[in-house]
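Reader: Could you walk me through reading helix packing in a model like this one?

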Amino acid sequence: MRLFDFNRAPNPRRVRIFLAEKQVEIPRVNVNLFRREQLSPAFLAINPGGTVPVLELDDGTYLSECLAICHYLEAMHPEPALFGTTPRQQALTLMWANIVDNEGMSAVAEVLRNLSPGFGDHALPGPLACAQIPALIERGRRRAEQFFDRVGQQLERGPWLAGEDYSYADISLLVTTDFAGWVDIDPIRTRPSLQRWYERVAARPAVQA
Ligand SMILES: N[C@@H](CCC(=O)N[C@@H](CS)C(=O)NCC(=O)O)C(=O)O
């Protein structure tokens, strides 16, 4: 098993934190996104989507998408449970994980990818050349603020995003919250519940991964 990774990128960080919580180590292959190695023919043969992380299984299967990778790792290493242990907790974890991806991570990425000169002809991940649209910067900021309001409200109801237990959804939210800092969004400053949650998660050694 090998993990195709890039240590500066937020999405692979979700898998690295997940592995650290499980205290599992696997070999890593560095794919340098700054040099666009993800768009090389060799890497596109592994993941036509041109993104990291990718988990290579021993039978040669390649898994992309953090959610699928972490779900697989959970099945292989059930302790500690990070996707819930009851049908209700499992469903809530997936629900919030999806909300974080669709509303949070994608909003912050929308800002960064339409703002940063490094993404000039590459405003969407993948092999398709794609120009930036400056109007999406402000739209992304508004989407991100709305997302952080939503998770802030959820965290007023309980300690962790998906309910009683720390889960994959919290890992995803932590990575998204830190990622927001890349575009000068500070979600915790004005949201006390998010700030309290952030302090709890940031104290976990695994988040250094
Ligand atoms: N939905 C994917 C997103 C993966 C993704 O977007 N990864 C970024 C790094 S954070 C990437 O590889 N970008 C490549 C690019 O921008 O070309 C997942 O969950 O793994």
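Author: Let's take helix 1 and its neighbours. This is a predicted model, where local features need pLDDT of at least 70, side-chain atom pairs count only at pLDDT 80 or more, and totals for chains, interfaces and linings use all residues. Residues are numbered from 1 along each chain as its sequence is written.

Reader: Is helix 1 (residues 10–22) buried or exposed?

Author: Call a residue buried if 20 or more other C-beta atoms, placed from the backbone, lie within 10 Å of its own. Here 11 of the 13 residues of helix 1 are buried, so the rest of the structure largely encloses it. Among them are V15, I17, F18 and L19.

Reader: What do those buried residues pack against?

Author: Contact means C-beta atoms, placed from the backbone, within 7 Å. The buried residues of helix 1 pack against strand 1 (2–5), helix 3 (66–76) and helix 6.

Reader: How do helix 1 and helix 3 lie relative to each other?

Author: Fit axes to the C-alpha atoms over the stretch in contact, and take the angle, from 0 to 180 degrees, between N-to-C directions. Under 35 degrees counts as roughly parallel. The axes of helix 1 and helix 3 come within 10 Å and cross at roughly 15°, so these two helices are roughly parallel.

Reader: Which residues of helix 1 and helix 3 meet?

Author: From helix 1, N11, R14, V15, F18, L19 and K22 meet C66, I69, C70 and L73 of helix 3. As for the general idea, an α-helix has 3.6 residues a turn, so residues three or four places apart point the same way.

Definitions and conventions
A residue is buried if 20 or more other C-beta atoms lie within 10 Å of its own, exposed if 12 or fewer, and partly exposed in between; C-beta atoms are placed from the backbone. Helices (H or I, at least four residues) and strands (E, at least two) are DSSP runs, numbered from the N terminus. Two residues are in contact if their C-beta atoms, placed from the backbone, lie within 7 Å. Angles under 35 degrees count as roughly parallel, over 145 as roughly antiparallel, 65 to 115 as roughly perpendicular and the rest as oblique.
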